[in-house]
Amino acid sequence: MLVHRKKRVLQDYKGISVCLDDLPRPLCFPALFGRTAPVHVEIGSGKGTFLLHQARHNPESDFLGVEWANAYYRSAVDRFGRWGLSNVRMVRTEASVWVRNWLPDASVDGFHIYFPDPWPKKKHRKRRFFQGANLVELERILKPAGGIQFVTDSEDYFQQALRELEKECRQLKPTAFVPAAAAGQGEWVGTNYERKYRRENRPLYKLAFSKIECTKMCSGNV
Ligand SMILES: C[S@@+](CC[C@H](N)C(=O)[O-])C[C@H]1O[C@@H](n2cnc3c(N)ncnc32)[C@H](O)[C@@H]1O
């Protein structure tokens with residue numbers, strides 16, 4: 001027997017979905033969240049699994065997801081709204097333009113980039129987010145001691161990321177990867193992508209870098 005499941009209508013939650021045109025440049029995080037708190041940004045949030053769990057388990061921090069696909073963006077907003085979360089926002093935009101134009105210096109405690117589109121064809125590699133000028137921007141935007149975490153199933157993307165971090169980012173040093181709140185045993189992030197790829201026994205790659213603190217930079221002790 002065929003069972004037709006009724007598709008739920010996704011709701012917009014105005015306190016969570018952020019309209020780009022309403023935001024000042026540079027963005028002011030305390031104004032956006034209504035308080036001063038640590039800020040974490042996820043680039044390419046998909047349906048928001050990482051953010052949902054992270055925001056629920058860390059009510060003392062604020063979380064912002066950046067997602068350009070409308071269906072995923074709306075799905076994430078609807079999920080966060082149904083959970084009644086007050087410490088998460090979603091913005092629908094292209095991440096490179098967003099970080100370059102909206103995010104102020106030393107304003108973010110953590111960037112999270114999990115299973116970004118790998119663009120495997122050589123001619124498409126320039127479309128990868130985690131490279132070149134975007135890394136310089138992330139380094140600029142991180143607070144001292146802030147961190148970047150990145151996970152991919154593409155070995156080529158991972159190797160490129162390591163090479164470019166070394167080339168472009170003098171203030172970033174390798175550090176320990178902190179598993180996400182959604183991660184189960186043996187997982188790093190706990191999103192659908194990670195679970196699917198682990199079921200398929202694909203090798204996965206992770207990296208974590210943190211920005212050196214000013215005292216260390218100033219004393220030359222790096
Ligand atoms: C493979 S999915 C991973 C989603 C999620 N991070 C996870 O682990 O389940 C990659 C997501 O990044 C989004 N994305 C890719 N490039 C983007 C860009 N330049 N700006 C904003 N979002 C982007 C895609 O629309 C997609 O939702």
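Helices and strands are named here from DSSP runs, a helix having at least four residues and a strand at least two, with numbering from the N terminus. The model to which these names apply is a predicted one.

With that naming, Asn-201 can be placed in the loop between helix H7 (192-199) and strand S8 (205-211). Asn-201 has a positive phi of about 55°, although it is not a glycine. Most residues other than glycine have a negative phi, and most peptide bonds are trans. Asn-201 counts as exposed because its relative accessible area is 68%, and the threshold for that class is over 50%.

Two further backbone features also belong to loops. Ala-106, in the loop between helix H4 (95-102) and S5, has a positive phi of about 45° without being a glycine. With a relative accessible area of 40%, Ala-106 is partly exposed. The other feature concerns a peptide bond: Arg-25 and Pro-26 are joined in the cis form, with omega about 0°. Pro-26 is located in the loop between strand S1 (17-18) and helix H1 (29-33).

From the loops the description turns to buried positions. Helix H2 spans residues 49-57, and its buried residues are Thr-49, Phe-50, Leu-51, Leu-52, Gln-54 and Ala-55. An α-helix has 3.6 residues a turn, so residues three or four places apart point the same way. The buried residues of H2 pack against strand S2 (39-43), strand S3 (62-67), H3, strand S4 (88-92) and S5.

Two of these partners, S5 and H3, can be followed through individual residues. Gly-110 lies in strand S5, which covers residues 108-114. Its relative accessibility is 2%, and Gly-110 therefore counts as buried. Beyond its neighbours within four places in sequence, Gly-110 is in contact with Val-39, His-40, Val-41, Leu-142 and Gly-147. Gly-110 and Lys-143 are 33 residues apart in sequence, yet their C-alpha atoms are 8.4 Å apart in space.

In helix H3 (residues 70-83), the residue to examine is Asp-78. Asp-78 counts as buried because its relative accessibility is 1%. Which side chains make polar contacts with the side chain of Asp-78? One is that of Arg-8, at 2.6 Å, and another is that of Arg-82, at 2.9 Å. When neighbours within four places in sequence are left aside, the residues in contact with Asp-78 are Arg-8, Val-9, Leu-10, Gln-11 and Tyr-13. Arg-8 thus appears both in this list and as a polar partner of the Asp-78 side chain.

The final part of the description concerns the ligand. The space that the ligand takes is the largest pocket. There are 16 residues around the ligand, of which Gly-44, Glu-67, Glu-94, Ala-95 and Tyr-114 come nearest. Backbone atoms of two of these residues lie close to ligand nitrogen: a polar backbone atom of Gly-44 is 2.9 Å from a nitrogen atom of the ligand, and a backbone N or O atom of Ala-95 is 2.9 Å from a ligand nitrogen atom. A side chain is also involved, since a polar side-chain atom of Glu-42 lies 3.5 Å from a nitrogen atom of the ligand. On its own the ligand has 600 Å² of accessible area, and the protein covers 90% of that area.

Terms used: Residues are numbered from 1 along each chain as its sequence is written. This is a predicted model: local features need pLDDT of at least 70, side-chain atom pairs count only at pLDDT 80 or more; totals for chains, interfaces and linings use all residues. Side-chain values use heavy atoms; hydrogens and water are left out. Buried means under 20% relative accessible area, exposed over 50%, partly exposed in between (1.4 Å probe, protein chains only). Contact means heavy atoms within 4.5 Å. A polar contact is a pair of N or O atoms within 3.5 Å; within protein, one must be able to donate a hydrogen and the other to accept it, and residues adjacent in sequence count only if both atoms are side-chain atoms. A residue is near a molecule or strand if one of its heavy atoms lies within 4 Å of it. Accessible areas come from the Shrake-Rupley method with a 1.4 Å probe; for residues, only the protein chains shown count as cover. On a 1 Å grid over the protein atoms alone, a cavity is a set of points where a 1.4 Å probe fits but cannot get out, and a pocket is an open set with protein on both sides within 12 Å along at least five of seven lines; lining residues have an atom within 4 Å of a point. A molecule sits in a cavity or pocket if more than half of its atoms lie within 2 Å of its grid points.
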